[in-house]
Amino acid sequence: MNVTAMPLRSEASHAWQGAASLLAMLILWQIAAISAGSRWLPEPLAVTALLWSEAAHGPLLHHLGVTLARVALSLAIAVIVGSAFGYALGRSATADRWLKPWLVILLNVPALVIVVLVYIWLGLTEAALIIAVAVNKLPTVAVTIREGTGRLDRELAQVAELYRFSWSVRMLQVVLPQLLPYLLVAARNGLALTWKIVLVAELLGRSSGVGFQLQVYFQNFDVGRILAYTAAFAAAVLAIEYALLGRLERRLALWRR
């Protein structure tokens, strides 16, 4: 039996199951739209036509690109800073005891409050949006990496110390490979949270992005375009999940074997 073919079959099975699930959702949407018989719930084909029109002749691609760029930048900052913060907490019990209240507070302060305060303090600028979103995501990354740091293999650390590895070699060859699963979890969960916060921040204080466009269409009660922009962003997130994060997870699983 070809062992290498088994993961491929599993991936194909998962892909078909995911496609079937999306198809079922569209069927339910179609049934609900027909039953409602209202312009407040347009049918999937009508939304698809609007999506195509906005992508081909409207501003959808521009606003979608702006939003995705903001998501990528703010998430990158949160992962880098939060990982360093979490690693420090995991390595030092004293730092963990002193800074744990900060994490608890940041984890429980509503994202909307942080966005509003940063806008007040820094103005309605691009930098304020990125900082506000990154601050919202940073504590969850720090908590995840702190847990991973607490589970690092002590024997590997002792070997690295015995052979007097430099700090950079220890981090790249010993620590980072063990923290990769936790970094992947932080990135995946971060993506799900970050884009929602970005949309809220765009709605409140920017003149571009998907969140801004949703605000415009909300004011005009344009449900069709609201759903079209939502579908476009959902498709982008699904592509990132399956084409990027999913592949990274599979490669990581093979490496760990």
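In the predicted model, E54 is located in helix α2, which spans residues 44-57. E54 counts as buried because its relative accessibility is 7%, under the 20% limit. The side chain of E54 is joined to that of Y217 by a polar contact of 3.4 Å. When neighbours within four places in sequence are left aside, the residues in contact with E54 are P59, L60, Y217, R225 and Y229.

A second polar contact between side chains involves S208, a residue of the loop between α8 and α9. The partner of S208 in this contact is R70, at 2.9 Å. S208 has a relative accessibility of 15% and therefore counts as buried. Beyond the neighbours within four places in sequence, S208 is in contact with H63, V66, R70 and E202.

The loop between α9 and α10 contains F221. In contrast to the buried S208, F221 counts as exposed, because its relative accessibility is 56%, over the 50% limit. The phi angle of F221 is near 55°, which is a positive value in a residue other than glycine.

With respect to overall architecture, the secondary structure of the chain consists of ten helices and zero strands. The order of elements along the sequence is accordingly α-α-α-α-α-α-α-α-α-α. The chain has 257 residues, of which 34% count as buried. Among contacts with a separation of 6 or more, 72% are accounted for by residues 24 or more positions apart.

One such long separation in sequence is found at L89, a residue of helix α3. The C-alpha atoms of L89 and R146 are separated by 5.9 Å, although the two residues are 57 residues apart along the chain. R146 is also one of the residues that L89 touches; the others, not counting residues up to four places away in sequence, are A95, D96, L99 and L103. L89 counts as buried because its relative accessibility is 3%.

Nonpolar side chains tend to be buried together in soluble globular proteins. In the present model, the largest nonpolar core comprises 36 residues, and Y87 and V210 touch the most other members. Two or more residues of this core are given by each of α3 (60-91), α5, α6, α8 (167-205), α9 (210-219) and α10 (223-256). The largest share comes from α8, with ten residues. Apart from neighbours within four places in sequence, Y87 is in contact with I145, T149, L152, M171, V175 and L179.

The packing of two helices is described by the angle between their axes and the distance between the axes. For helix α5 (residues 111-122) and helix α6 (residues 126-150), the angle is about 145° and the axes are 9 Å apart. The crossing in which α5 passes α6 is right-handed. On the α5 side, the contact is formed by A111, I114, V115, V118, Y119 and L122. These residues meet A128, L129, I131, A132, V135 and N136 of α6. By class, the residues of this contact comprise eleven nonpolar, one polar and no charged. Both α5 and α6 are also among the elements that give two or more residues to the largest nonpolar core.

Conventions: Residues numbered from 1 in each chain as written. Predicted model: local features only at pLDDT ≥ 70, side-chain atom pairs only at ≥ 80, totals over all residues. Heavy atoms only, no water. Axes fitted to C-alpha atoms, helices over the stretch in contact; angles between N-to-C directions. Helix = DSSP H or I, 4+ residues; strand = E, 2+ residues; numbered from the N terminus. Left-handed = near helix turned anticlockwise from the far one by under 90°. Contact = heavy atoms within 4.5 Å. Nonpolar A, V, L, I, M, F, W, Y, C, P; charged D, E, K, R; others polar. Core = buried A, V, L, I, M, F, W, Y, C linked by side-chain atoms within 4.5 Å. Buried < 20%, exposed > 50% of the residue type's maximum accessible area, 1.4 Å probe, protein only. Polar contact = N/O pair within 3.5 Å; in protein donor to acceptor, adjacent residues only side chain to side chain.
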